[in-house]
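Biologist: I have a new model open and would like to learn how to read its charged and nonpolar side chains. Could you walk me through it?

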Amino acid sequence: MSIVENAASTATHRVYDITIPRGYQGETGAAAGFAAEQLTAAHKLASDQSPRVEITSANFDDRQKQFKFDFYIPSGIQGERGEKFYVNDRVDTVDNLPANAAKGDAYFVVADNHIYQ
């Protein structure tokens, strides 16, 4: 390390140049990384609680770091009950929906677990 007074110094203010020599270049280590799969979990909270996420380390391996993500999600407030409607038929896949369905017809598709209207 060297300290040299700079020419910009005055009688009342001193300016110094400080030089620190570059250190020894170490060997390149293994790259840090993340494990292919991270752990996640969802937790249901009461509707009046605030959502949050907690992240914790699941291991201490610097090259295959694994984290656990805990999601805390509040329940929604119960909505009013909607009107009932009639489901015309149940079919296995969307491909089995009838081509001649009338506007307003509803079909439950088993493969998707959805009602199409």
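Modeller: Gladly, and keep in mind that this is a predicted model. Let's begin with Arg52, which is partly exposed because its relative accessibility is 39%, between the limits of 20% for buried and 50% for exposed.

Biologist: Which residue does the side chain of Arg52 meet in a salt bridge?

Modeller: The partner of Arg52 is Glu54, with 3.2 Å from N to O. Glu54 is partly exposed too, at 32% relative accessibility.

Biologist: How many salt bridges does a search of the whole structure find?

Modeller: The search finds three. Another joins Arg14 and Glu5, again with an N to O distance of 3.2 Å. Glu5 counts as partly exposed, at 40% relative accessibility. Then there is Asp70 with Lys68, whose closest N and O atoms are 3.1 Å apart.

Biologist: Is Asp70 buried or exposed?

Modeller: Asp70 is buried, because its relative accessible area is 7% and the cut-off for buried is under 20%. Its partner Lys68 is partly exposed, at 31%.

Biologist: Where does Lys65 lie?

Modeller: Lys65 is in the loop between β4 (52-57) and β5 (67-74). With a relative accessible area of 17%, Lys65 is buried. Beyond its neighbours within four places in sequence, its contacts include Phe34, Gln38, Asn59 and Phe60.

Biologist: And the nonpolar side chains: which residues form a nonpolar patch on the surface?

Modeller: Met1, Ile3, Tyr16, Ile18 and Ile20 do, together offering about 620 Å² of accessible area. Ile3 belongs to strand β1 (residues 2-5) and counts as exposed, at 53% relative accessibility.

Terms used: Residues numbered from 1 in each chain as written. Predicted model: local features only at pLDDT ≥ 70, side-chain atom pairs only at ≥ 80, totals over all residues. Heavy atoms only, no water. Patch = residues over 30% accessible without salt bridge, like charges linked within 9 Å, V, L, I, M, F, W, Y side chains within 5 Å. Areas by Shrake-Rupley, 256 points an atom, 1.4 Å probe, with all protein chains shown as cover. Salt bridge = Lys/Arg side-chain N within 4 Å of Asp/Glu carboxyl O. Helix = DSSP H or I, 4+ residues; strand = E, 2+ residues; numbered from the N terminus. Buried < 20%, exposed > 50% of the residue type's maximum accessible area, 1.4 Å probe, protein only. Contact = heavy atoms within 4.5 Å.
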